[in-house]
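User: I'd like to learn how to read a protein model feature by feature. Could you walk me through this one?

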Amino acid sequence: MPFALTGVISGATVFGASQYFSHENNGEDFSYFTTASKKSAFVGMGTAVGDDFVKASKATVPAVVTIKNYQDRATQRPQESDMFDFFFGPGNSPFGGGQQRQQQQPPKNMPSGLGSGVIISPDGYIISNNHVVAGANKLEVVLSNKKSYIATLIGTDPNTDISLLKIEEKGLPYLNFANSDLTEVGQWVLAVGNPLGLNSTVTAGIISAKGRSIDILSQQSRTPIESFIQTDAAINPGNSGGALVNVNGDLIGINTAIQSKTGYYEGYGFAVPSNLARKIVEDIKKFGLVQRGFLGVGSLDLSNEMQVAAYNQREKKNLKAGDGIYVTEITKKSGAEDAGIQVGDIITKIDNTDISGFSDLSLAIGSRRPGDKVNVTYSRNGKINNVSVTLKDQKGGTSSRSKDDLTVTEKIGSEFEPLSERVKTDYGLESGVIAKNVLEGSEMDKIGVVDNYIVMEINGKPVNSQKDVEKILNGYKGNVQVKYVDAYGRITTRGFKLQ
């Protein structure tokens with residue numbers, strides 16, 4: 001039986017890996033970061049479990065780092081809620097969380113938060129979580145051998161909670177990316193990171209589930225991708241951004257969150273799959289921003305009985321819960337519309353991936369780039385149909401974009417609305433615009449601007465509309481000065497640099 005199992009696994013591995021890495025990428029090279037052997041490995045009967053764990057630990061520990069997040073007091077603004085409080089417990093998020101964070105500021109020259117990261121190339125590229133680096137004005141990376149470096153933040157993606165950093169060093173130990181599509185529930189894994197300040201900690205467990213959505217990223221992103229690997233390997237605050245590896249020491253996930261009432265380990269840890277993480281960091285490195293394809297459909301997750309019941313009541317429908325995604329709307333000029341997909345269709349498969357619920361669809365589409373083609377299998381009136389769909393970006397484009405292609409509001413991470421005369425009178429202002437849809441980790445977010453703050457001036461010039469902001473910053477490179485009013489009426493001037 002072990003030999004038979006090995007044969008099946010090897011065949012599945014080659015097929016799955018070839019499917020994942022053979023997607024069209026407009027002729028671009030996305031092979032900078034190294035890939036593990038296509039052969040998957042499991043710990044089963046007749047193998048020395050302890051020896052396998054030792055081997056994986058020795059390979060992984062040197063490549064997992066501590067990340068120290070330093071912030072100015074001004075950037076540590078109070079928030080109504082911390083998205084990680086629910087998962088880590090009140091006051092126990094990776095950065096202190098909740099009321100505790102508002103009442104206790106870290107001493108000067110002390111980090112406000114600690115997390116983990118994984119070295120993924122010998123020249124110093126490091127992958128971590130977006131929430132580990134959020135709000136930092138300085139990021140310090142400490143290797144397992146205690147050497148310390150100041151890191152450059154290359155880019156972040158709130159949609160997947162992934163970030164990419166760089167330190168200036170050569171010949172570093174690093175981890176290979178395994179094909180996370182080939183992982184199986186019940187497979188042995190190790191979680192490596194720095195929980196609770198305990199550097200280079202290794203814990204063991206199994207993959208408890210795949211394709212898990214816990215609705216944690218929706219609080220920092222309007223279009224999150226959640227299809228986590230769930231594990232019972234012990235993960236605690238500080239593990240965020242660390243490695244989830246197989247028994248070969250190959251990277252299969254980036255540890256991101258725990259689900260806990262106390263804020264500490266209760267057996268439920270979640271990691272971003274390595275295939276998705278790799279795609280994100282390759283995009284950031286090559287383009288400076290994530291290239292994300294969209295199918296162009298509004299969806300109802302038929303596997304969620306509560307959502308189905310609510311939809312039936314609201315729309316006077318009689319849909320039955322089950323597997324698949326029910327199409328509720330079609331975006332104009334989208335790939336779905338071009339391919340003839342209609343409202344009422346039930347999507348059941350993307351390429352060779354079965355779509356049981358929204359997390360499956362989110363990963364299958366969100367890990368592709370604009371211009372990529374996917375084969376969509378759907379049911380219409382009981383008949384199975386297959387169609388090829390060309391994915392597009394949110395603006396309807398099918399080509400890759402760089403930072404130079406972004407609009408001003410995309411570059412700074414905020415949209416703006418004019419002030420009403422009443423608000424001007426209430427605040428005693430002659431000019432100003434209201435910040436809307438401020439993105440987590442954006443330039444505006446970093447200087448402390450959140451939704452509904454009033455921006456009075458940019459670079460010393462009054463602004464009264466989004467067009468005013470765009471006119472001042474369009475084509476501008478250099479230091480940007482922003483004068484804004486917070487919810488308490490306090491006027492603050494902060495800045496950032498546009499490149």
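Analyst: Happy to, and let's start with a helix. Helix α9 (residues 358-366) is largely enclosed by the rest of the structure, because seven of its nine residues are buried. Keep in mind that this is a predicted model.

User: Which residues of α9 are buried?

Analyst: They are S359, L361, S362, L363, A364, I365 and G366.

User: And what covers the buried residues of α9?

Analyst: The cover includes β8 (201-212), β14 (325-330), β15 (346-350) and β17 (373-380), together with helix α6. We will come back to α6 and to β17.

User: Let's take β17 now. How do I read strand pairing?

Analyst: The general idea is that strands of a sheet pair through backbone hydrogen bonds, either parallel or antiparallel. Here, β17 pairs with β18 (residues 383-390) in the antiparallel sense, over eight bridges. Within that pairing, Y378 stands opposite N385, and T377 has N386 as its bridge partner. The two strands form a hairpin with two residues between them. In the turn, N381 has a positive phi of about 55 degrees.

User: How many bridges join β15 to β17?

Analyst: Four, and those strands run antiparallel too. Follow Y378 once more: this residue of β17 is the bridge partner of I347. So Y378 links up with I347 as well as with N385 in β18.

User: What about a sheet that closes on itself? In which order do the strands of the barrel come?

Analyst: Six strands close into the barrel, in the order β1-β2-β3-β6-β5-β4, with antiparallel pairing. From one strand to the next, the twist averages 40 degrees. For a closer look, take β4 (residues 138-142) and β5 (residues 148-157): four bridges join these antiparallel strands. In that pair, V141 stands opposite Y149.

User: Which helix packs on the sheet?

Analyst: That is α6 (residues 274-287), which touches β3 (125-129), β5 and β6 (162-166). The direction of α6 makes about 50 degrees with that of β6.

User: How should I read a helix like α6 along its length?

Analyst: As a general guide, an α-helix has 3.6 residues a turn, so residues three or four places apart point the same way. In this model, α6 has 14 residues and reaches 20 Å from its first C-alpha to its last, close to the 20 Å expected at 1.5 Å a residue. Just after α6 comes G288, with a positive phi of about 85 degrees.

User: Is α6 mostly covered or mostly exposed?

Analyst: Mostly covered: 12 of its 14 residues are buried. Among them are the charged-type names you may spot at once, R278, K279, E282 and D283, alongside L276, I280, V281, I284 and F287.

User: How do I read a core?

Analyst: The general idea is that, in soluble globular proteins, nonpolar side chains tend to be buried together. The largest nonpolar core here has 35 residues, and V118, I120, I127, I162, L251 and I254 touch the most other members. Several elements each supply at least two residues, including α2 (49-60), β7 (188-193), β11 (251-258) and β12 (269-273). The largest share, five residues, comes from α6.

User: What is I120 in contact with, leaving aside its neighbours within four places in sequence?

Analyst: Its contacts include F33, I127, L164, F177, L251 and V281. Apart from this core lies another, of 21 residues, among them V449, Y453, I458 and L498.

User: Now a polar residue. Where does D486 lie, and is D486 buried or exposed?

Analyst: D486 lies in the loop between β23 (478-485) and β24 (491-498). The cut-off for buried is under 20% relative accessible area, so D486, at 7% relative accessibility, counts as buried.

User: Which polar contact does the side chain of D486 make with another side chain?

Analyst: The partner is the side chain of R490, at 2.8 Å. A polar atom of the D486 side chain also lies 2.9 Å from the backbone nitrogen of Y488. Not counting residues up to four places away in sequence, D486 touches Y427 and Y453, and Y453 belongs to the core of 21 residues.

User: How would you sum up the whole chain?

Analyst: The secondary structure comes to 13 helices and 24 strands. Of the 499 residues, 49% count as buried. Among contacts between residues at least 6 apart in sequence, 64% join residues at least 24 apart.

Methods. Residues are numbered from 1 along each chain as its sequence is written. This is a predicted model: local features need pLDDT of at least 70, side-chain atom pairs count only at pLDDT 80 or more; totals for chains, interfaces and linings use all residues. Side-chain values use heavy atoms; hydrogens and water are left out. Two strands pair if DSSP finds at least two bridges between them. Axes are lines fitted to C-alpha atoms, for helices over the stretch in contact, and angles run from 0 to 180 degrees between N-to-C directions. Contact means heavy atoms within 4.5 Å. The expected span of a helix is 1.5 Å times one less than its number of residues. Buried means under 20% relative accessible area, exposed over 50%, partly exposed in between (1.4 Å probe, protein chains only). A nonpolar core is a set of buried Ala, Val, Leu, Ile, Met, Phe, Trp, Tyr and Cys residues joined through side-chain atoms within 4.5 Å. A polar contact is a pair of N or O atoms within 3.5 Å; within protein, one must be able to donate a hydrogen and the other to accept it, and residues adjacent in sequence count only if both atoms are side-chain atoms.
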